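Take a look at the model below and get a feel for it. We'll then walk through it together.

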Amino acid sequence: MPQALLLENIHPDAAKSLRDHGFTVTTMKGALSEDELIEALDGVDLLGVRSKTTVTRKVIDARPNLSAIGCFCIGTNQVDLDYAGTHGIAVFNAPYSNTRSVVELVIGDIICLLRRIPAHTHHMKHGMWDKSANGSHEVRGKTLGIIGYGNIGSQLSVLAEALGMRVMFYDLEEKLALGNAQRCETLNELLEQSDIVTLHVDGRKSNTGFFGEDQFAHMKQDSIFLNLSRGFVADLGALKQHLDSGHIAGAAVDVFPIEPKKTGDPFETALADEDNMILTPHIGGSTLEAQESIGHFVSQRLEDYWEKGSTSLSVNMPQINLSENRGVARIAHLHSNLPGVLARVNHVLGEENINIAAQALGTEGELGYVVTDVAQRPNRETLEALRSIEGTIRMRVIS
Ligand code: NAI
């Protein structure tokens with residue numbers, strides 16, 4: 001029976017689905033270190049991780065038979081994607097399943113910060129009745145500055161406008177402005193006009209420390225700051241200084257430069273004593289609805305890859321969306337993207353008088369992927385001949 005290992009408390013529907021598809025599934029609650037992961041991957045075909053398990057070159061070299069990795073989250077930076085691809089390991093993620101969850105929390109955070117709910121709650125818990133409108137505002141009519149207008153940023157834009165906010169955004173790429181949102185040419189243009197600044201950039205390396213002292217300094221007096229994107233993007237020391245000086249009126253931070261590995265681990269932040277501050281433990285995308293949706297989405301991608309060879313929505317393979325096998329066997333051949341590999345595959349099959357019932361080829365970057373449904377079952381010599389074609393990375397026969 002094929003084996004699947006699911007780490008980091010992935011939604012139980014994923015394990016159930018994989019079991020229904022014939023896998024023996026082992027689940028673990030926490031993340032694993034590099035050496036623990038290598039150990040645990042013995043005999044494993046499919047690995048499921050969330051954001052805390054890093055799949056390095058060392059892991060891939062140590063477990064070359066691993067077939068696919070499912071990232072049950074949005075980001076895939078925890079996996080060395082290129083190395084996995086050139087070693088025949090397909091990687092899948094769930095790019096949209098928790099978008100709505102993040103957007104709803106951002107909206108909730110903004111309303112709470114504009115009404116100074118964290119400060120009011122703190123006072124109430126300490127026996128102080130402070131019924132005043134000081135520093136409290138409606139969201140209606142406020143300018144929201146969204147940095148990173150991708151899946152989350154653009155959906156936030158729509159919901160914020162529905163609340164009567166004016167939306168501005170800044171993105172490195174050309175993006176279609178939804179509704180009445182206005183694109184800013186520069187980051188400073190956005191910072192200088194926004195009452196609320198919220199980060200929704202991706203986790204590319206160049207975004208490390210992207211939002212620091214200079215950027216905070218450009219924000220409006222009494223504005224609000226939110227980061228629910230990546231922890232390494234914003235300088236929290238600079239944020240603290242601007243909160244302490246009274247320049248920034250409140251902040252919500254969901255992601256941190258260093259985060260504990262698992263639930264229950266201790267956590268400290270210098271922002272803990274701030275007055276109008278919402279601190280959450282990287283739960284922007286963590287709703288039961290999102291987890292369930294991610295569990296379904298990624299396990300389906302893994303099952304489709306295992307059973308059909310389909311690489312549709314893979315983040316590191318040429319994409320081929322395949323239907324049911326139209327022959328008696330399906331041969332999935334991943335190779336370096338060199339000229340003539342398809343011709344050589346067909347030559348080997350032709351030499352053995354094997355008829356091709358259907359064939360699909362995809363190439364991307366360094367990789368080529370050809371999937372062939374054959375009308376006769378190939379024998380061992382034919383498979384060996386296919387495997388010895390120059391540039392072959394991995395070959396699988398799917399019945
Ligand atoms: P996405 O990839 O769809 O959008 C990111 C956008 O940011 C892209 O349009 C990109 O061009 C832009 N961008 C990147 N660097 C930029 C920069 N320096 N300046 C301006 N624009 C820049 O990503 P998506 O799905 O919208 O997610 C956004 C972030 O939210 C990601 O970092 C993701 O990891 C994080 N996230 C956090 C969650 C949480 O639990 N807090 C849950 C889900 C996602």
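Here is a short tour of one strand and then of the ligand.

First, some ground rules: this is a predicted model, so to speak of local features we need pLDDT of at least 70, side-chain atom pairs count only at pLDDT 80 or more, and totals for chains, interfaces and linings use all residues. Residues are numbered from 1 along each chain as its sequence is written, and side-chain values use heavy atoms, with hydrogens and water left out.

Start at strand 6, residues 143-147 (strands are DSSP runs of E, at least two residues, and helices are runs of H or I, at least four, numbered from the N terminus). Five of its five residues are buried, so strand 6 is largely enclosed by the rest of the structure; buried means under 20% relative accessible area, with a 1.4 Å probe and protein chains only. Thr143, Gly145 and Ile147 cover one side, with Leu144 and Ile146 on the other.

Strand 6 runs parallel to strand 7 (residues 166-170), joined by five bridges, and Leu144 partners Val167 there. Strand 6 also pairs in parallel with strand 9 (residues 196-199) over four bridges, where Leu144 has Ile196 as its bridge partner. Pairing takes at least two DSSP bridges.

Now for the ligand. It is surrounded by 28 residues, each with a heavy atom within 4 Å. The shell has ten nonpolar, eleven polar and seven charged residues, with Asp, Glu, Lys and Arg as charged, Ala, Val, Leu, Ile, Met, Phe, Trp, Tyr, Cys and Pro as nonpolar, and the others, Gly among them, as polar. A ligand nitrogen atom sits 2.8 Å from a side-chain N or O atom of Asp254, while a ligand oxygen atom is 2.8 Å from a backbone N or O atom of Gly285.

Methods:
A polar contact is a pair of N or O atoms within 3.5 Å; within protein, one must be able to donate a hydrogen and the other to accept it, and residues adjacent in sequence count only if both atoms are side-chain atoms. Buried means under 20% relative accessible area, exposed over 50%, partly exposed in between (1.4 Å probe, protein chains only).
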